[in-house]
Amino acid sequence: MERMQQVVGRARAAFNSGRSRPLEFRIQQLKALERMVQEKEKEILAALHADLHKDGPNAYSQEILGVLTELALAMEQLPSWAAPQHVKKDLLTMRDDIFINPEPLGVVLIIGAWNYPFMLVIMPLIGAIAAGNAVVVKPSEVSENTAQLVAELLPQYLDRELYPVVTGGVPETTELLAQRFDHILYTGNTAVGKIVMAAAAKHLTPVTLELGGKSPCYIDKDCDLAVACRRITWGKYMNCGQTCIAPDYILCDPSIQGKVVENIKATLQEFYGEDVKSSPDYERIINKRHFKRVLGLLEGQKIAHGGEADEASCFIAPTILTDVSPESKVMEEEIFGPVLPIVPVKSVEEAIEFINRREKPLALYVFSNNKQVIRRVIAETSSGGMTGNDVIMHSVVPNLPFGGVGHSGMGAYRGKYTFKTFSHHRACLIKDLKMEAVNKLRYPPVSQKKVDL
Amino acid sequence: NPYAGLVTHLRASWLSGKTRPMEYRMAQLEALGRFLDEKKQEILEATAADMGKPLFEVELSELLLCKNELHETLNNLSQWMKDKQVDKPLATRLDSAFIRKEPYGVVLIIAPWNYPIYLFMGPLIGAIAAGNCVIIKPSEVSKNTERLVAEALPCYLDQDCFAVVTGGVQETTRLLENKFDYIFYTGSPSVGRIVMTAAAKHLTPVTLELGGKNPCYVSDTCDVPNVARRVVWGRFFNAGQTCIAPDYLLCTLEMQKKLLPALHEAITEFYGPNPQESPDFGRIVGDKQFQRVKRLLCSGRVAIGGQTDEAERYIAPTVLVEVQPSDPVMQEEIFGPILPIVVVANMDEAIDFINSRERPLAIYAFSSNDKVVNEVLERTSSGGFCGNDTLMHVTLTSLPFGGIGNSGLGKYHGKFTFDTFSHRRGCLMRGMGRETLNAPRYPPYSQKKFGIVQATSKVTRKDDCILL
């Protein structure tokens, strides 16, 4: 208990000193963070490779590019994000000063996940620093090399008291969550999300929960299957399926199921060659526990492609399952692996009904040449975000908020939304001490004349 | 669970899509306007019976504020509902990226007793505008208003989509066991924790409008009579039962000497020599609350007022002096017509005093010197802030209303209510063509491909060259 209390206590004292508030300080810290990412690129890529078998250009574009983009945006926009916003006045308030003042919340906590272990702590950190807070960073212990590296690097570049890194597993995180924070941003699964929110409730701490779920992918009969399947293959099997917004399962008419399988197979060949295992571009499952879990989902299923696995290297080949039953195990939990079930549905109505019977997902995908079909699916379902005719891409648009709804999460971040998430928008009205005559209208004693006015 | 059936019914209505069309939402909102107009007399009587609410106060704080929210919403709903288009980086320039505002589903609004109409209607307007189905749980403490709302409101709204549930702690606890898609709670921090804990079980997002002790700093340079009037108005409105009322005053001993006669003057001007006879001064809502507030009178010394009448639940507009930070009146939110004055040596001491306590819903600072007001603003933190007046910042629909820390999380009023009850779904619509543009992102990866990805998707700093 002592250690966490001390770390958070120091961060709070540092915040109370006021030094994280001036814009110059925040930009200086963001610049230092940018230097860190640029100077230590090799070390970061090495850690990602050790944790997830992620290769150079792939790891860079997945984890580093987004971070650098976000840093550039924050440094660029900070003066405008942090400026007081003046609002519409009415007749009575013409002479007053009315504005919304963005202010830091105080000491915030960021808990990262293991699948994009660098990006998922550094992205929110950028906005939290930009908003003027002290930040406690807790990378996932499952991606241990990246966690270790983040714990070593951050204190070398950033203010050590304001932005401490805490490492450890469940006991350390539980201890951390007993402390009082002014906002908690958690990325991970639904079950732990509930634990985080319950802990936050004790201190009335607002939370942003980036969770997951089964993101459906509906393929309409009227679409260019070759293109659709290439895009889906890319999004599904990147990071070995360990992406919160990967298309989890496919819904399509039974008449095109066969063609879908053929197209995905062809694309897999194009992407990873004959021997997937020896492709430098194909990742591995994070650890043995998840390896066993994902493999277990194949039990009793019709494997149309793939299914090969090697426990020693946590390798599972890109796999496609057909004629999957909605009640099967693979359709119960978020797969988070390179297994793609296809559930046949006879119509877009059936697809919509299927989706709506389940928890709201983090992402939703629809492929169709017919814009009406896409519009209809959007209008009749709900999800954190969605992309039409592609996958993943809504998450790279910097001005779209990224977050879930229902079981897939609450709150959002990215770009200015991270800044807003970590800010308090204080309503301010500054009046004159004169002009009392106007006020007299509202004071007692009251006459009918006053009421009518 | 006694409410499971109701929640299921409302959820089925929501899934049917009934509440989505703008025309439907506008019609329900217009019906709310008719409720306020047609039931005005009943509202006046119920709130008078509940807490002796003066007619003018009901007109201003229960009816007018509701009407403002209603009109603001009706005038702007079509704009608010529109998809918001956003800029995209080069890679997706040929596509369409937008934010779609969607209702959450079935939402729960738990309202308090002190402004029993405004504090359920304000959130309700935004919840309906955002396309949700709503269960309203008015406070059982303001029992006359509770009865009115339970009996009359459903007649104005679509009963498939909107319901009123009554009851006390037990009923509310059972209600909270159900899964809602959003919970909006106004009340105390301790119950706020209970609500959020219940919400966590279902991962239900919440807005909590709580309270605290709102400090009011009066500097040595100010127009004393004006300050006194504004503070008296804000403190004794609704007999002090206002979450944003100035809870206690901070000033120097010299200022206190000047303020006391001015406060007395203002109280007399507003309520006459015997406020118990004034039709413009309210009463405490219930016996339990009356006893609680009365006990706080033993802190410090009564400088003005102090009289009580248990039969009427009347507590006179009271000012206490010689108050210590450890006194009972400084340990809890007063929520009654008592204004303690805590003497400080200067502004710095006042700011330190404020910052050593939980962050309040509102902070007030009075000074003829702009710098003083700004300094208090900058060196403190609170839900909202008002310089040189009290309460007024919450009457503007263009300002967000909400707390921070113990005083709450989330915000509403005006468009902020609509936003609170909407999920902002990030949407990207791409075409199926131009697949060659996607080629750089596919494996097998190469340094060359990566260069293209980087060039088309990154955001460069405008003044990069200048920095070099």
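I'll walk through one sheet that draws on two chains, a second strand neighbourhood in chain A, and two annotated residues. Keep in mind that this is a predicted model.

Start with the sheet. It is open, has ten strands, and its pairing is mixed. The order runs β1(A)-β2(A)-β17(A)-β16(B)-β15(B)-β8(B)-β9(B)-β14(B)-β13(B)-β10(B). Which strands sit at the edges? They are β1 of chain A, residues 85-86, and β10 of chain B, residues 301-304. Each of them pairs on one side only.

Take the chain A end. β1(A) is joined to β2(A), residues 97-104, by two bridges, and the two strands run antiparallel. There, His86(A) stands opposite Phe99(A).

Now move to where the chains meet. β17 of chain A, residues 423-430, and β16(B) run parallel, with four bridges between them. Look for Ala427(A): it stands opposite Gly384(B). On the chain B side, β15(B), residues 362-366, also runs parallel to β16(B), again with four bridges. Tyr364(B) has Cys386(B) as its bridge partner there. How does the chain get from β15(B) to β16(B)? It goes through helix α13 of chain B, residues 370-379, and this β-α-β crossover is right-handed.

Is β16(B) covered or open on its faces? Both faces are covered. Gly384(B) and Cys386(B) are buried on one side, Phe385(B) and Gly387(B) on the other. In a regular strand, side chains alternate between the two faces of the sheet.

One helix to add here. α12 of chain B, residues 347-355, lies across β8, β9, β14 and β15 of chain B. Its angle to β9(B) is about 145 degrees.

Next, β12 of chain A, residues 319-322. Both its faces are covered too: Thr319(A) and Leu321(A) are buried on one side, Ile320(A) and Thr322(A) on the other. It has three bridges to β9(A), residues 302-305, running antiparallel. In that pairing, Lys302(A) stands opposite Thr322(A). Three bridges also join β12(A) to β13(A), residues 339-344, and here the strands run parallel. Leu321(A) has Pro341(A) as its bridge partner.

Now the annotated residues. An unreviewed UniProt entry places "active site" at Glu210(A) and Cys244(A). They span 35 residues in sequence, yet their C-alpha atoms are no more than 9.0 Å apart, so they gather at one spot.

Glu210(A) is in strand β6 of chain A, residues 207-210. It is buried, at 3% relative accessible area. Its contacts beyond the sequence neighbours include Tyr186(A), Thr187(A), Phe402(A), Ser408(A) and Tyr413(A).

Cys244(A) sits in the loop between α9 and β8 of chain A. It is also buried, with 18% relative accessible area, because the cut-off for that label is under 20%. Among the residues it touches are Asn115(A), Ser215(A), Glu334(A), Leu362(A) and Phe402(A).

What about disulfides? The count over all chains is zero. For Cys244(A), the nearest cysteine sulfur is that of Cys240(A), 15 Å away. For Cys428(A), it is that of Cys386(B), 9.4 Å away. Cys428(A) is buried, at 0% relative accessibility.

Last item. The same kind of record, an unreviewed UniProt entry, marks residues 23-50 of chain A as "coiled-coil region". In the model that stretch is 96% helix and 0% strand. Its end C-alpha atoms are 37 Å apart.

How values were computed
Residues numbered from 1 in each chain as written. Chains lettered and ligands numbered in written order. Predicted model: local features only at pLDDT ≥ 70, side-chain atom pairs only at ≥ 80, totals over all residues. Heavy atoms only, no water. Buried < 20%, exposed > 50% of the residue type's maximum accessible area, 1.4 Å probe, protein only. Pairing = 2+ DSSP bridges. Right-handed = clockwise from strand over helix to strand, strands pointing away. Disulfide = S-S within 2.5 Å. UniProt positions renumbered as here; feature names shortened; annotations may be inferred. Contact = heavy atoms within 4.5 Å. Axes fitted to C-alpha atoms, helices over the stretch in contact; angles between N-to-C directions. Lists of a residue's contacts leave out its neighbours within four places in sequence.
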